[in-house]
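Q: I should like to learn how to read a protein model feature by feature. Could we work through one together?

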Amino acid sequence: FEVVMAKVVITELTTPGCHICAEAKKFFEEEFKPQFLEVEVRYVSVLDEEGQELVSRHTIFASPAIFVNGELISTGGFSKKNIIEKVKILLSE
């Protein structure tokens, strides 16, 4: 029995009360995950230790910040199209 790690991991760095963060989470939960069952989606609050570390490492000033496999792809908003295109490329590798 072998545990296979997700090939693609998306991390959304969220701020409590951020409406765009909520929109992004809704997109991931309702539109994205049903299409990409093999992709892991994580939510990290800027208030958590991990969130604080991401903020300082990447100098993030706006939420949400979206990471794909640790690479920061957007802050302060998100493009469904860009996220999906990036994931499709990674899954095809």
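The dialogue below moves from the overall fold to individual residues.

Q: How many helices and strands are there in the protein, and what pattern do they follow along the sequence?
A: One begins with the secondary structure. This is a predicted model, and the protein contains 3 helices and 4 strands. Read along the sequence, these elements give the pattern β-α-β-α-β-β-α.

Q: How should I read the radius of gyration of the protein?
A: The value is set against the one expected for a compact globule with the given number of residues. For 93 residues that expectation is near 12 Å, and the protein has 13 Å, so the two agree. The spans of the C-alpha trace along the principal axes complete the description, at about 35 × 25 × 20 Å.

Q: What do the contacts and the surface of the protein add?
A: Contacts can be sorted by separation along the chain. Among contacts in the protein with a separation of 6 or more, 62% join residues 24 or more positions apart. The accessible surface comes to about 5,800 Å², and carbon and sulfur atoms account for 55% of this area. Buried residues make up 35% of the 93 residues.

Q: How many positive and negative side chains are there, and how far apart do the centres of the two sets lie?
A: Charges are read both as counts and as positions. The protein has 10 positive and 15 negative side chains. The centres of these two sets lie 5 Å apart.

Q: Which residues have the most contacts inside the largest nonpolar core?
A: In soluble globular proteins, nonpolar side chains tend to be buried together. Here the largest nonpolar core has 15 residues, and those with the most contacts inside it are Ile10, Phe28, Phe32, Val39, Ile83 and Val87. Helix H1 (19–35), strand S3 (65–68) and helix H3 (80–92) each supply at least two residues of this core. Another core lies apart from it, with 7 residues, among them Leu13, Val44, Val46 and Phe67.

Q: With which residues is Phe32 in contact, leaving aside its neighbours within four places in sequence?
A: Setting sequence neighbours aside directs attention to contacts made through the fold. On that basis, Phe32 is in contact with Ile10, Phe27, Val39, Val41, Ile83, Ile84 and Val87.

Q: Is Thr14 buried or exposed?
A: Burial is judged from relative accessible area, with a cut-off of under 20% for buried residues. Thr14 has 17%, and therefore counts as buried. This residue lies in strand S1 (residues 9–14). Beyond its neighbours within four places in sequence, Thr14 is in contact with Cys21, Val44, Ser45, Val46 and Ser63.

Q: Where is Cys18, and which residues does it touch?
A: Cys18 is in the loop between S1 and H1. A loop position does not by itself settle burial, and here Cys18 is buried, with a relative accessible area of 17%. Not counting residues up to four places away in sequence, Cys18 touches Ser63 and Pro64. Cys18 and Ser63 are 45 residues apart in sequence, yet their C-alpha atoms are 7.2 Å apart in space.

Q: What is the peptide bond from Ser63 to Pro64, cis or trans?
A: The omega angle is the quantity to inspect. The bond from Ser63 to Pro64 is cis, with omega near -5°. Pro64 is found in the loop between helix H2 (49–58) and S3.

Q: Which value does phi take in Thr59 and in Asn69?
A: For phi, one reads the sign together with the residue type. Thr59 is a residue other than glycine, and its phi is positive, near 50°; its place is in the loop between H2 and S3. Asn69, also not a glycine, has a positive phi of about 50°. Asn69 is in the loop between S3 and S4 and is partly exposed, with a relative accessible area of 39%.

Q: How far apart in space are Glu71 and Thr15, and Ser92 and His19?
A: Sequence separation and spatial distance are read side by side. Glu71 and Thr15, 56 residues apart in sequence, are 19 Å apart, C-alpha to C-alpha. For Ser92 and His19, 73 residues apart along the chain, the C-alpha separation is 32 Å. Glu71 is in strand S4 (residues 71–75) and is partly exposed at 42% relative accessible area. Ser92 is in helix H3 and counts as exposed at 62% relative accessibility.

Key. Residues are numbered from 1 along each chain as its sequence is written. This is a predicted model: local features need pLDDT of at least 70, side-chain atom pairs count only at pLDDT 80 or more; totals for chains, interfaces and linings use all residues. Side-chain values use heavy atoms; hydrogens and water are left out. Buried means under 20% relative accessible area, exposed over 50%, partly exposed in between (1.4 Å probe, protein chains only). Contact means heavy atoms within 4.5 Å. The radius of gyration is taken over C-alpha atoms; the globule rule is 2.2 Å times the number of residues to the power 0.38. Accessible areas come from the Shrake-Rupley method with a 1.4 Å probe; for residues, only the protein chains shown count as cover. Lys and Arg count as positive and Asp and Glu as negative; His and the chain ends are not counted. The place of a charge is taken as NZ of Lys, CZ of Arg, CG of Asp or CD of Glu. A nonpolar core is a set of buried Ala, Val, Leu, Ile, Met, Phe, Trp, Tyr and Cys residues joined through side-chain atoms within 4.5 Å.
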